[in-house]
Each structure stands twice: as structure tokens, then as C-alpha cells.
Amino acid sequence: GQFEQQLVVHAPEYMHRTYLDPSSEDADILRVSRQTLQRALDLTKSLSASFQGRPKFIVHPGGITLEKHPEPERLLETFAETLSGLSADGIDVLPENLPPRPWVFGGEWAGNIFLVADEMEQFLQEQGYSMCFDTSHAALACHAAGVDLVDQVKTLKPYIKHLHVSDGAGIGEEGLQVGEGTVDWPAVMAELAGYEHTMIPEIWQGHLHNGRGFLQAMGKLKKYMK
């Protein structure tokens with residue numbers, strides 16, 4: 001069929017029992033991650049024939065470890081190599097900012113890259129990419145780093161081509177309903193005034209009851225959007 005919407009595809013994060021990490025130092029995991037990302041990009045290209053505009057492909061940079069990594073710049077270099085090796089003609093590949101303490105296979109790991117604006121801005125400038133900005137991930141990362149979320153939004157706004165919207169609290173409570181965390185929504189949305197790209201609510205379990213959580217989030221955001 002043919003649809004009026006623009007296509008946005010989120011790259012898979014798991015394949016069977018493997019966490020797909022495009023920044024991994026494990027050669028086998030890195031190989032499978034890169035192969036799977038390319039398969040997903042090929043599928044995105046095929047699907048895009050049914051949608052309007054240029055498709056977008058959201059990818060988690062990975063780079064998570066059980067303990068903090070002593071040289072996160074090495075992980076960023078591997079991620080850049082992964083992106084440069086992908087065939088993505090006609091698709092906007094958008095790295096997504098990450099939380100500081102991601103949960104993987106039931107355990108809390110340590111995030112090392114794509115946490116704060118300065119690092120992301122440098123990477124995006126040097127590698128020539130835009131990004132997907134997740135408000136919940138950003139709130140958690142800012143809390144962990146002791147930086148201001150609104151300042152992060154201001155720095156990254158020129159690079160944001162897709163938004164994942166939900167609230168967050170502390171360093172681990174992500175995907176909360178809008179207004180149930182610590183995000184200053186009036187200030188964040190004021191900084192995003194004039195944003196013209198795509199966005200979705202990412203409320204935990206928001207798809208249940210015919211998407212009730214997603215609809216509630218959009219209703220709450222309307223009063224702040226300009």
C-alpha cells in the first residue's frame with residue numbers, strides 16, 4: 001500500500017541471546033551487530049517505497065559495559081567505523097542518546113558514550129550525522145553528570161531530526177509518563193519551539209489499551225508545544 005506518513009525504523013537491540021552493540025570490543029558481537037544493522041537498513045529501504053519522504057533509521061550506539069570503560073573514546077571510534085561501513089543510501093541514520101545505567105538481560109550495566117551534549121555534538125559534527133534525542137535518556141544522563149537538561153537540549157537542537165518523548169527520574173527510571181518525573185517540560189519544550197521533524201511518545205507500556213499511555217502523553221504535551 002501507500003501511506004502518507006514518513007517512515008521511521010528503530011534498529012533492533014537484540015538478536016536471539018545477543019545484545020547488538022555497534023561499539024563492542026568483542027569481535028564476534030561486533031560482526032553480528034554490523035550484519036544485523038545492514039539487514040535492518042535493507043529492510044528499511046524496501047519498506048520506504050510505501051511511505052512519503054526520506055526514511056529515518058534510529059540506532060543505539062551501544063558501548064555499554066559491566067563497569068565503566070576507562071577509554072570511552074575507543075568505543076566511539078568503533079561506532080564511527082560501524083556507521084561508515086553501512087550502506088544507507090537515501091536513509092537518514094540517526095544515533096540516539098543513551099541512559100547512564102541501561103538494563104540489559106535483567107542487569108544494570110554502565111553506559112559510556114552518547115550521554116552528554118559536548119561529546120555528542122563533536123561526534124555528530126565530525127562524522128556528519130543528525131540524531132534521535134530521547135528526553136528520558138537525557139534526563140537520566142544529566143542527573144548522573146550533574147548538568148542541566150535544558151542546556152543539553154539547546155546545544156543539540158540543531159542536530160535533532162527525531163524525538164523520543166517520555167519523562168524520567170534519578171539515573172534509572174526511564175519511560176515515565178509525561179509529568180511523572182523530573183523533566184521541566186515547559187522549559188524543554190520552549191527550547192524546542194519551532195521543531196519541525198518527527199516525534200513519538202515512548203511511555204513504558206504505553207501501547208496497552210489501544211495506546212492509552214501514548215495518547216495521554218501527547219495530550220499532556222500539547223499545552224507546551226509551540
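A cavity is a set of grid points where a 1.4 Å probe fits but cannot get out, and its lining residues have an atom within 4 Å of a point. The model used in these exercises is predicted.

**Exercise 1. The enclosed space**

Task: Find how many cavities of 30 Å³ or more there are, and state which residues line the largest cavity.

Solution.
Step 1. Count. There is 1 cavity of 30 Å³ or more.
Step 2. Take the volume. The largest cavity has about 40 Å³.
Step 3. List the lining. Ala11, Pro12, Glu13, Leu20, Pro22, Leu37, Val59 and His60 line the largest cavity.
Step 4. Sort by class. That lining has 6 nonpolar residues, 1 polar and 1 charged.

**Exercise 2. The open spaces**

Task: Describe the largest pocket and the second largest pocket by volume, and say which residues lie nearest the centre of the largest pocket.

Solution.
Step 1. Start with the largest pocket. Its space comes to about 660 Å³.
Step 2. Look at its centre. Of 22 lining residues, Glu13, His60, His137, Glu174 and Trp204 lie nearest.
Step 3. Assign elements. Strand 6 (103-104), helix 4 (135-145) and strand 11 (173-176) each give two or more residues to this lining.
Step 4. Sort by class. The largest pocket is lined by 10 nonpolar, 7 polar and 5 charged residues.
Step 5. Move to the second largest pocket. Its volume is about 230 Å³. Among its 14 lining residues, Asp21, Ser24, Ile29, Ile64 and Trp109 are the closest to the centre.
Step 6. Sort again. The second largest pocket has a lining of 7 nonpolar, 4 polar and 3 charged residues.
Step 7. Cross-check with Exercise 1. Glu13 and His60 line the largest cavity, and Glu13 and His60 are also among the residues nearest the centre of the largest pocket.

**Exercise 3. The sheet of strands 1, 4 and 5**

Task: Work out the strand order of this open sheet, and explain why strand 1 and strand 5 each have one side left without a neighbour.

Solution.
Step 1. Read the order. The 3 strands run 1-4-5 and pair in parallel.
Step 2. Find the edges. Strand 1 (6-10) and strand 5 (92-95) each have a single partner strand, so one side of each lacks a neighbour in the sheet.
Step 3. Get the twist. Neighbouring strands are turned by 25 degrees on average, direction ignored.
Step 4. Check one pair. Strand 1 and strand 4 (residues 52-59) are joined in the parallel sense over 4 bridges. Val8 has Lys56 as its bridge partner in strand 4.
Step 5. Add the helix. Helix 1 (residues 27-47) lies across strand 1, strand 4 and strand 5, at about 165 degrees to strand 4.

**Exercise 4. Two helix pairs**

Task: Give the angle and axis separation for helix 1 with helix 2 and for helix 2 with helix 3, then name the residues in contact.

Solution.
Step 1. Take helix 1 and helix 2. Their axes come within 10 Å and cross at roughly 40 degrees. The crossing is right-handed.
Step 2. Find the contact, with heavy atoms within 4.5 Å. Leu30, Arg34 and Leu37 of helix 1 meet Thr78, Glu81 and Thr82 of helix 2. By class, this contact has 2 nonpolar, 2 polar and 2 charged residues.
Step 3. Take helix 2 (residues 72-84) and helix 3 (residues 117-127). They pack at about 35 degrees, with axes 12 Å apart. Helix 2 passes helix 3 in a right-handed crossing.
Step 4. Find this contact. Helix 2 brings Leu76, Phe79, Ala80 and Leu83, and helix 3 brings Glu119, Phe123 and Gln127. These residues divide into 5 nonpolar, 1 polar and 1 charged.

**Exercise 5. The second sheet and a hairpin**

Task: Identify the edge strands of the sheet 8-9-12, and find the residue with a positive phi in the hairpin of strand 10 and strand 11.

Solution.
Step 1. Set the order. 3 strands form an open, parallel sheet, 8-9-12. Strand 8 (131-134) and strand 12 (198-201) are the edges, each pairing on one side only. The twist averages 20 degrees from strand to strand.
Step 2. Inspect one pair. Strand 8 and strand 9 (residues 160-165) pair over 4 bridges. Asp134 is opposite His164 in strand 9.
Step 3. Place helix 4. It lies across strand 8 and strand 9, at about 70 degrees to strand 8.
Step 4. Turn to the hairpin. Strand 10 (residues 167-169) and strand 11 run antiparallel, joined by 3 bridges. Ala169 has Glu173 as its bridge partner in strand 11.
Step 5. Find the residue. The hairpin has 3 residues between its strands, and Gly170 takes a positive phi near 65 degrees.

Conventions: Residues are numbered from 1 along each chain as its sequence is written. This is a predicted model: local features need pLDDT of at least 70, side-chain atom pairs count only at pLDDT 80 or more; totals for chains, interfaces and linings use all residues. Side-chain values use heavy atoms; hydrogens and water are left out. Axes are lines fitted to C-alpha atoms, for helices over the stretch in contact, and angles run from 0 to 180 degrees between N-to-C directions. A crossing is left-handed if the near helix is turned anticlockwise from the far one by less than a right angle, and right-handed if clockwise. Ala, Val, Leu, Ile, Met, Phe, Trp, Tyr, Cys and Pro count as nonpolar, Asp, Glu, Lys and Arg as charged, and the others, Gly among them, as polar. Two strands pair if DSSP finds at least two bridges between them. On a 1 Å grid over the protein atoms alone, a cavity is a set of points where a 1.4 Å probe fits but cannot get out, and a pocket is an open set with protein on both sides within 12 Å along at least five of seven lines; lining residues have an atom within 4 Å of a point. Grid points are joined across faces, edges and corners, and a volume is the space filled by probe spheres set on the points.
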